[in-house]
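Grab a pencil and work through these exercises one at a time. Try each task yourself before you read its solution.

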Amino acid sequence: MDSSRASIVSARSTWSAGTPATTAPVLPKQGRDEATIPPNMKAGSPTPQPSSYPNVIIFGESGAGKSSIVNMLAGKEITETSGDLLGCTFESRQYTVDLPDRAINIFDTAGLNEGLDGTVTSVDAIKNLYKLVHSMENGVNLLVYVVRGPRIRQSTRNNYYMFYEAFCRKEVPIVLVVTGLEQEASRDAWWERNASVFQECGMHFEGHACVVGTRGRRMMFEKEYEESREDVVDLITRTCLSRPPWRMKGVASFMVILKSMYNSVLVSFPAIPPAGLAKALYRALREAGGLSKVDAKRTASSFERELIEELGRDKKKDDTQLSASPTLIDMPLFEQGRGSHESTANVQSVNVILFGAEGCGKSSIINMLASKNIAHTSDGACGCTFATTKYSIESDPRMTVNLFETAGLNEGVGGTVGSHKAVAKLYTLLRDLHGGVSLLVYVVRGRITDSTIVNYRLFYEAICGREVPLVLLATGVENEDSPDRWLRETLQECRRASIDIASDSAAWVTPIKGKRDYNGNHIFQREYDASIQTVRNLIHDRSSIDPWKVDLTTWFTSILKSLPNLMYALRSASQLSLAANLQDEGLSLSEARGVANVVQGLIGGEISMPGATENVESVGEKRSRIMGEKVRRRSLWPKRGNTI
């Protein structure tokens, strides 16, 4: 044990619990290094107030384990870790926690985990961001990014950019805390395998800790939990005062941050034009910033003009680059016969879509059903939204199940996933489901989040039109004292979130065997064996005898209509460039051109697309829309209709 960890262990007995932000904690007198104590906290100085403590922002997706880390630092539960929805992006809860060397203010802050049509509104996000900035008069000392393992989500990059690059302008040290590694044989080995993945995504940290954020059922992870607490405390105390605190200066700096977020991480403000964002900014400045009507209107109008000018310059640049490209004409839209929707009679198989966010356990469930490893369960970043892999499994002599493992949404299309990739994967999925869909299997890990609702709406409502039976499999409950009670509470949360799942169509499962105990047996072997039969029975009993089918063109178009953010992210792409990108994703030339024609028809308004800019059309927004239409890219193709 190194000296730094030893000092933390020796000082653990002097800890006091986390306290509300409005009261000053009693600081321990022993185990301190006088050189590290701020002047106003030394002997003879006035009693320090929470406003003078270093400010630490802990951020990450809902369910990543932020609240568990706060409780770990405090030494007891001071914040709830229930399954309730955390709320809007940038929503923050403040706590004052006394560490061995210093007291700190912790801001438990919600990050991005919404998809194409989440619950976050631009007004709430901007208001929360403004409040967060102005609640830290002494600046920000440290960012702690909490990421749930063992798989790295693609939305991880979005949150990193939002807080470290766009919000704090790379002026604040950032450290990484990885949770959810209870089943890893070696947390250090996990980091060695995955450190390069973070670096390849452009994410760099001044320190990291791979931790176990729960003591587990029957305290089975008590040792790992205590080791993790030492690691996190050491990490924060070493880095929170490594630089002077960063302060944002005035509304002008806030505008720079907001513009950077809008241009680079569009998911922050889903499907909203510059005028709509300016309107949201005006309300945020009035309600959260306390600005007068005149000042707020002047600031919002200036912000809107700058965004429109930048969009116009970008579109003009793209048009200049595309003007020299050859125009494809007189090509058939699709190869005849490919993707036929007809199926042969008396087929003894069913098509089942298995969907859920990355890291929820879809691949583990497939391997469990197949009794062997046929699905890759890597802990690296996963593929694109709608990316699908098909597996055929004989569940019993009566039925062969075609499982379509499909990546769900846990990010917006403005992040690391290209919009054209999502479109190509969606079309490929629908084409391969030519025999119809008999069942949807929704895999959910842990608590109910905003992305849980988004994926439900996407697959059950948008893709399958509420016409396909749905079952829910809850994973990640190995450490719950009563999985049955946990499932009942989860279903109640689902109903409150308008996720309609019958009790007899849901089950908790354990698709992993877990570590081996002292006798050499897997600790979850019994639950694993029972889960195999549970899942097989659900698939057999709930699968529809008559698969749900719909015409491919109608199906594809109706789904795109329900994804306004996806269409908005493609607004600047010409048919030519989009078709070329779709070909790169594996579509034939005729397929790529047909899909591009449908997308262009939706963007151009030839096909009604509700939801993209509903509920707004003020004078300023109308002016923005007209200007946007003037700078919209002219199509290089003749009109060919919107049929596939």
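What follows is a set of exercises on this predicted model, each with a worked solution.

**Exercise 1: The overview**

Task: Work out how many helices and strands the protein chain has, and what share of its residues is buried.

Solution. Step 1: go through the secondary structure, and you get 19 helices and 12 strands. Step 2: turn to burial. Of the 644 residues in the protein chain, 54% are buried. Step 3: take the contacts between residues with a separation of 6 or more. In the protein chain, 78% of these are made by residues 24 or more positions apart.

**Exercise 2: Two rings**

Task: Find out how the rings of Phe355 and Tyr442 are arranged, and say which parts of the chain they tie together.

Solution. Step 1: the structure holds 13 aromatic pairs, and Phe355 with Tyr442 is one of them. Step 2: check the geometry. The ring centres are 4.4 Å apart and the planes make an angle of 15°. Planes under 30 degrees apart count as stacked, so this pair is stacked. Step 3: place the residues. Phe355 sits in strand β7 (residues 349–356) and Tyr442 in strand β10 (residues 439–445), so the pair ties together parts that are 87 residues apart in sequence. Step 4: look at accessibility. Phe355 has a relative accessible area of 0% and is buried; Tyr442, at 2%, is buried too.

For a bigger group of rings, look at Phe59, Tyr145, Phe163, Phe167 and Trp246, which ring pairs link into a cluster.

**Exercise 3: Two helices that meet**

Task: Describe how helix α11 packs against helix α15, and sort the residues of their contact by type.

Solution. Step 1: find the helices. Helix α11 covers residues 419–432, and helix α15 covers residues 552–561. Step 2: read off the packing. The angle is about 145°, the axes are 10 Å apart, and the crossing is right-handed. Step 3: list who meets whom. From α11 come Val423, Leu426, Tyr427, Leu430 and Arg431, and from α15 come Leu552, Trp555, Phe556, Ile559 and Leu560. Step 4: sort the residues of this contact, and you find nine nonpolar, no polar and one charged.

**Exercise 4: Follow Arg431**

Task: Arg431 forms a salt bridge; find its partner and say which helices the pair ties together.

Solution. Step 1: the partner is Glu591, with the closest N and O atoms 3.0 Å apart. Step 2: Arg431 lies in helix α11 and Glu591 in helix α18 (residues 589–603), so the pair ties together parts that are 160 residues apart in sequence. Step 3: are the two buried or exposed? Arg431 has 12% relative accessibility and counts as buried. Glu591 is buried as well, at 1%.

**Exercise 5: Salt bridges within a helix**

Task: Look at the salt bridge of Glu226 with Arg229 and that of Arg496 with Glu493, and decide for each residue whether it is buried or exposed.

Solution. Step 1: the structure holds 14 salt bridges. Step 2: take Glu226 and Arg229, whose side chains meet at 2.8 Å, N to O. They are three residues apart in helix α6 (residues 222–239), separated by about one helical turn. Glu226 is buried at 15% relative accessibility, and Arg229 is buried at 9%. Step 3: now take Arg496 and Glu493. Their closest N and O atoms are 2.2 Å apart. These two are three residues apart in helix α13 (residues 483–496), about one helical turn. Arg496, at 58% relative accessibility, counts as exposed, whereas Glu493, at 15%, counts as buried. Step 4: look for shared partners. Salt bridges join Arg215, Glu222, Glu226 and Arg229 into one network.

**Exercise 6: A covered helix and a loop proline**

Task: Find how many residues of helix α10 are buried, then work out where Pro273 is.

Solution. Step 1: helix α10 (residues 362–370) is mostly covered, with eight of its nine residues buried. Among them are Ile365, Ile366, Met368 and Leu369. Step 2: go just past α10, where Ser371 takes a positive phi of about 60°. Step 3: Pro273 is in the loop between α7 (250–264) and α8 (274–287). It counts as buried, at 19% relative accessibility. Step 4: compare sequence with space. Pro273 and Glu304 are 31 residues apart in sequence and 9.3 Å apart in space, C-alpha to C-alpha.

Definitions and conventions. Residues are numbered from 1 along each chain as its sequence is written. This is a predicted model: local features need pLDDT of at least 70, side-chain atom pairs count only at pLDDT 80 or more; totals for chains, interfaces and linings use all residues. Side-chain values use heavy atoms; hydrogens and water are left out. Rings of Phe, Tyr and Trp (its six-membered ring) pair if their centres lie within 6.5 Å; planes under 30 degrees apart count as stacked, over 60 as edge-to-face and the rest as tilted. Helices (H or I, at least four residues) and strands (E, at least two) are DSSP runs, numbered from the N terminus. Buried means under 20% relative accessible area, exposed over 50%, partly exposed in between (1.4 Å probe, protein chains only). Axes are lines fitted to C-alpha atoms, for helices over the stretch in contact, and angles run from 0 to 180 degrees between N-to-C directions. A crossing is left-handed if the near helix is turned anticlockwise from the far one by less than a right angle, and right-handed if clockwise. Contact means heavy atoms within 4.5 Å. Ala, Val, Leu, Ile, Met, Phe, Trp, Tyr, Cys and Pro count as nonpolar, Asp, Glu, Lys and Arg as charged, and the others, Gly among them, as polar. A salt bridge is a side-chain nitrogen of Lys or Arg within 4 Å of a carboxyl oxygen of Asp or Glu.
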